[in-house]
Structure formats: C-alpha cells, structure tokens
Amino acid sequence: MATTAILSALEQEQQGLRAQLTGARQVQRAGREFWLGDLHGAPVVLALSRIGKVAAATTATTLIEAFGADRIVFTGVAGALGPDVRVGDVVVASHFVQHDMDASPLFPRFEVPLYRQAQFACDPGLTELLAQACRQTMAQWQQQHTNPPQVPPPAVHQGLIASGDRFIGTAQVSRDVQQGLRAHAMHALAVEMEGAAVAQVCHDYGTAFAAVRTISDRADDIAHVDFAQFVNDVAGVYAQRILVNFIARLVADPGGPSAPGRPGAG
Ligand code: ADE
C-alpha cells in the first residue's frame, strides 16, 4: 500500500496519532523528527510542518524525497475569514492561495511567478475522502457533546484557504486580506500560515494533497486568546478523530479515487 504522510501543524495533533502507531520508528532528517509506522493498517509517516511557508515547504519536500510519501494529508488550525465560518467549524481545502504573494507589476498580484497561477488545487479524490471523514467525525462529536441550544453544531465547509507568513490578529488586517483577495475574485474561508506552500510542493512533485483546518479564532483582535485556548482544548482531539476515520476509509478502498497514479491523483 502507498505511503501516506500525515502532516500536523501542531504537536497536540500528532501526539494521539503517535500513540496509535504500530512498529513506530523515529528518523531525524533536515533537523526534524519523522515517525514511521502503521496506523490501523496503513503505512504512514508522521511529521510536524513547523510554522510558516518556508519551514512547511522543507518538511513537505523531505516527506516526498526522503520518505517516498505518495500522498500528504495536512491538519491544523486556522482563523476564520468567511462570514459563516465559526470557531469549532472545520474547513476542508479545495484550493490554496498565498495572500502575501505580490510580485506586481512584474506579475499579477497573488500569482506565483513562473507558475501562471495564484491558486493551487488539492487532489479531488483525496479531498472527498477527507471531507467524508470530517462530516462523520463532526456528526459523532455532535452526538457526544450536547451544545447549548443557541450554539450551532460544528459545520464542515469546503473552499479556498489563504496562507501567509503572518498571524492575522486584528480585524483590520483580516478585512484587508479579504478585500485584496476579493478584488481578484477569490473568497477565502480561512487563513493560516503553511497550506499554500505544501500545496505548491505537492504540485511540483505530482503528489496527491488534501488538507483540513479547524477554526480556532476569527482572525480578529482577540484571535490570540481564542487560539491558545482552542489549541489546548479541542484541536488535537478533532484532528486525531478525523484522521483515524480518514485512514479507515483509505484502508477500506486502497484503489479508490485517491490512489497514486489514478487520474486526478496528484
Ligand atoms: N492560524 C490560526 N489562527 C490564525 C490566524 N488568525 N492567522 C494566521 N494563522 C492562524
């Protein structure tokens, strides 16, 4: 079976997965720790992305070059940009854009020079599998946790995620990012600091890529407070449950739409 790389933005997201590995082996590369093993029947390699686009690109490249990852699945947290996106919801990425890419007037704003594109798409088959895993996990979560009636159940969104080397911690900067993207007909649901870099590396190598982010804050003036609390309380549990559900789907249908080499994969 093909090797699946599970990339986590946060240590809290990786801990629970590491505990479930069988035949776990740690390998050091590029100043990073990688964990190899079997996760419920699937060969996996676990890694922490680190923070920011360059660090995440190095981790993704190492996963592909040194560990032969055939597909990469990325989890983490993000700030909400979309009006209907709330703390506790999850956003499955369809595409990524770098909100801080600007080589104008040499290239159109947001376009990655020499690629002739601003957005990098995730693999449709792998993304559908991840979205299914998210929907089932959220439904189970809802059954186990009785929310107060005024709190809506966590929703699963799917769409564009914007990445940049900046924590968005004021409502003004959040509006600026949204308006800049909107002026180029892009409506991002969430903002974080790594996904677009990993999407670009996967594009370069033809490696299938899917990503999900749990919303930790509204990318506003209190984002840093919400972020810290959310990471400790919820993010790790969400990521672990979503990924175990996702791996079960992959193992049940290894030749499914996300199989390496199948049209649409990579
Ligand atoms: N990750 C989680 N929240 C974020 C924010 N507000 N800005 C950038 N990355 C984030």
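Here is a chat between a visitor and a guide about the structure above.

Visitor: What kind of model is this?

Guide: This is a predicted model, where local features need pLDDT of at least 70, side-chain atom pairs count only at pLDDT 80 or more, and totals for chains, interfaces and linings use all residues. Residues are numbered from 1 along each chain as its sequence is written, and side-chain values use heavy atoms, with hydrogens and water left out.

Visitor: Which residues are closest to the ligand, and what makes a residue count as near?

Guide: A residue is near a molecule if one of its heavy atoms lies within 4 Å of it. The ligand has 13 residues around it, and the closest are Gly 79, Phe 167, Ile 168, Glu 192 and Asp 217. Sorted by class, that shell holds 8 nonpolar, 2 polar and 3 charged residues. Here Ala, Val, Leu, Ile, Met, Phe, Trp, Tyr, Cys and Pro count as nonpolar, Asp, Glu, Lys and Arg as charged, and the others, Gly among them, as polar.

Visitor: Which strands supply at least two residues of the shell?

Guide: They are S5 (71-80), S9 (188-192) and S10 (208-217). S5 gives the most, with 3 residues. Strands (E, at least two residues) and helices (H or I, at least four) are DSSP runs, numbered from the N terminus.

Visitor: What makes the pair between Asp 217 and the ligand a polar contact?

Guide: A polar contact with the ligand is a pair of N or O atoms within 3.5 Å. A polar side-chain atom of Asp 217 lies 2.7 Å from a nitrogen atom of the ligand, so the pair meets that cut-off. A backbone N or O atom of Ile 168 is 2.8 Å from a ligand nitrogen, and for a polar backbone atom of Gly 79 the distance is 3.3 Å. As for cover, the ligand taken alone exposes 260 Å², and the protein buries 97% of that. Such areas come from the Shrake-Rupley method with a 1.4 Å probe.

Visitor: Why is Val 92 called buried?

Guide: Buried means under 20% relative accessible area, exposed over 50%, and partly exposed in between, using a 1.4 Å probe and protein chains only. Val 92 is at 0%, so it counts as buried. Val 92 lies in strand S6.

Visitor: And why is Arg 116 called exposed?

Guide: Its relative accessibility is 76%, so Arg 116 counts as exposed. Look for Arg 116 in the loop between strand S6 (90-98) and strand S7 (119-121).

Visitor: How do you know that helix H5 is mostly covered?

Guide: H5 spans residues 195-205, and 8 of its 11 residues are buried. Among them are Gly 195, Val 198 and Cys 202. After H5 comes Gly 206, with a positive phi near 70°.

Visitor: What makes Ala 30 and Ala 219 worth a look?

Guide: Most residues other than glycine have a negative phi, and most peptide bonds are trans. Ala 30 has a positive phi of about 50° although it is not a glycine, and Ala 219 also has a positive phi of about 50°. With a relative accessible area of 45%, Ala 30 is partly exposed, whereas Ala 219, at 1%, is buried. Ala 30 is in the loop between S2 (22-29) and S3 (32-39), while Ala 219 is in the loop between S10 and helix H6 (223-252).

Visitor: Where is there a cis peptide bond?

Guide: One joins Ser 104 and Pro 105, with omega about 5°. Pro 105 is in the loop between S6 and S7.

Conventions
A polar contact is a pair of N or O atoms within 3.5 Å; within protein, one must be able to donate a hydrogen and the other to accept it, and residues adjacent in sequence count only if both atoms are side-chain atoms.
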